[in-house]
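Here are my notes for you to read alongside the structure. Keep the 3D view open and turn it as you go.

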Amino acid sequence: AAMVRDLAGSNALRDVGVGLVAAVGGEAARRAFTETDDETDPVAALERDPSLAAQKAALWRVTGAGAASPAVALGAIAVWQGAVAASEELYYRALYQNGLFHAVSSVSAPAAGDAVSLLATTALFAVSHAGYVDDVDASADVDRGELARQWLVDVAPFGLLLGLEFAATGHRLWAPVVTHATLNTYWSALDAAKLRGCGDRARLAELLGGNSP
């Protein structure tokens with residue numbers, strides 16, 4: 001109980017505000033400094049990068065194979081991504097980053113503990129997401145190394161932002177959970193709109209391993 005209280009903290013509203021501001025700033029920075037994917041055809045996107053299939057397949061199921069109304073889809077996505085954010089932040093920030101911080105700080109300065117735990121957890125977060133490349137069919141004509149590199153480049157800044165929030169708010173979870181859930185919900189809502197508007201639903205269902213409604 002004490003550990004949960006420490007990780008949640010007593011400044012919840014302030015931390016929620018930090019998380020929302022970080023989400024807006026993070027997305028603005030992503031759009032300003034990286035090449036955003038303007039591909040509106042999900043079939044073309046999946047054929048170009050099959051490592052996206054696992055994530056899109058989950059979204060496909062959550063939104064009723066892309067057939068749910070926008071309001072229902074958004075509600076389902078928000079609940080889903082809220083649960084994803086909470087579980088991942090408990091794993092990466094509360095368990096790994098917090099644990100490594102205390103381990104390093106016990107033999108060094110707290111600043112060293114924050115630096116080492118932040119960098120190590122950011123790397124772990126990025127590498128684990130790059131593991132989606134392992135799900136690509138062996139017969140697919142793609143450069144697996146390039147796909148993995150792109151996952152690392154895309155995910156590492158996101159993991160760094162979440163880790164910085166965790167450290168800056170006194171090792172509390174509210175801010176990174178809110179940022180994580182907000183961004184994932186936003187990105188998933190955009191993707192859901194693309195799935196809903198896809199013309200070749202039979203091919204999309206085939207790529208995602210689901211049934212076309």
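The points below go from the overall fold to the pocket and then to the surface.

1. Before anything else, keep in mind that this is a predicted model. The protein chain has nine helices and zero strands. Read from the N terminus on, the elements simply go α-α-α-α-α-α-α-α-α.

2. How does the radius of gyration of the protein chain fit with a compact globule, and why? A compact globule of 213 residues would come out near 17 Å, and the protein chain has 19 Å, so the two agree. If you'd like a feel for the dimensions, the C-alpha trace spans about 55 × 40 × 35 Å along its principal axes.

3. Now look for the largest pocket, which has a volume of about 1,700 Å³. It is lined by 50 residues, and the closest to its centre are Arg-30, Leu-52, Gln-55, Asp-154 and Trp-187. Try picking those five out in the viewer.

4. Which helices each supply at least two residues of that lining? They are H2 (12-33), H3 (42-48), H4 (53-62), H5 (70-105), H6 (110-130), H7 (144-168) and H8 (174-196).

5. What sort of residues make up the lining of the largest pocket? By class, there are 24 nonpolar, 15 charged and eleven polar residues.

6. Finally, turn to the surface. Tyr-91, Leu-95, Tyr-96 and Leu-124 make a nonpolar patch of about 360 Å². Helix H5 gives the largest share of the patch, with three residues. Leu-95 is found in that helix, H5. You've met H5 already, as one of the helices that supply at least two residues of the pocket lining.

How values were computed
Residues are numbered from 1 along each chain as its sequence is written. This is a predicted model: local features need pLDDT of at least 70, side-chain atom pairs count only at pLDDT 80 or more; totals for chains, interfaces and linings use all residues. Side-chain values use heavy atoms; hydrogens and water are left out. On a 1 Å grid over the protein atoms alone, a cavity is a set of points where a 1.4 Å probe fits but cannot get out, and a pocket is an open set with protein on both sides within 12 Å along at least five of seven lines; lining residues have an atom within 4 Å of a point. Grid points are joined across faces, edges and corners, and a volume is the space filled by probe spheres set on the points. Helices (H or I, at least four residues) and strands (E, at least two) are DSSP runs, numbered from the N terminus. Ala, Val, Leu, Ile, Met, Phe, Trp, Tyr, Cys and Pro count as nonpolar, Asp, Glu, Lys and Arg as charged, and the others, Gly among them, as polar. Patches are made of residues with over 30% relative accessible area and no salt bridge: like charges are joined within 9 Å, nonpolar side chains (Val, Leu, Ile, Met, Phe, Trp, Tyr) within 5 Å. Accessible areas come from the Shrake-Rupley method with a 1.4 Å probe; for residues, only the protein chains shown count as cover. A salt bridge is a side-chain nitrogen of Lys or Arg within 4 Å of a carboxyl oxygen of Asp or Glu. The radius of gyration is taken over C-alpha atoms; the globule rule is 2.2 Å times the number of residues to the power 0.38.
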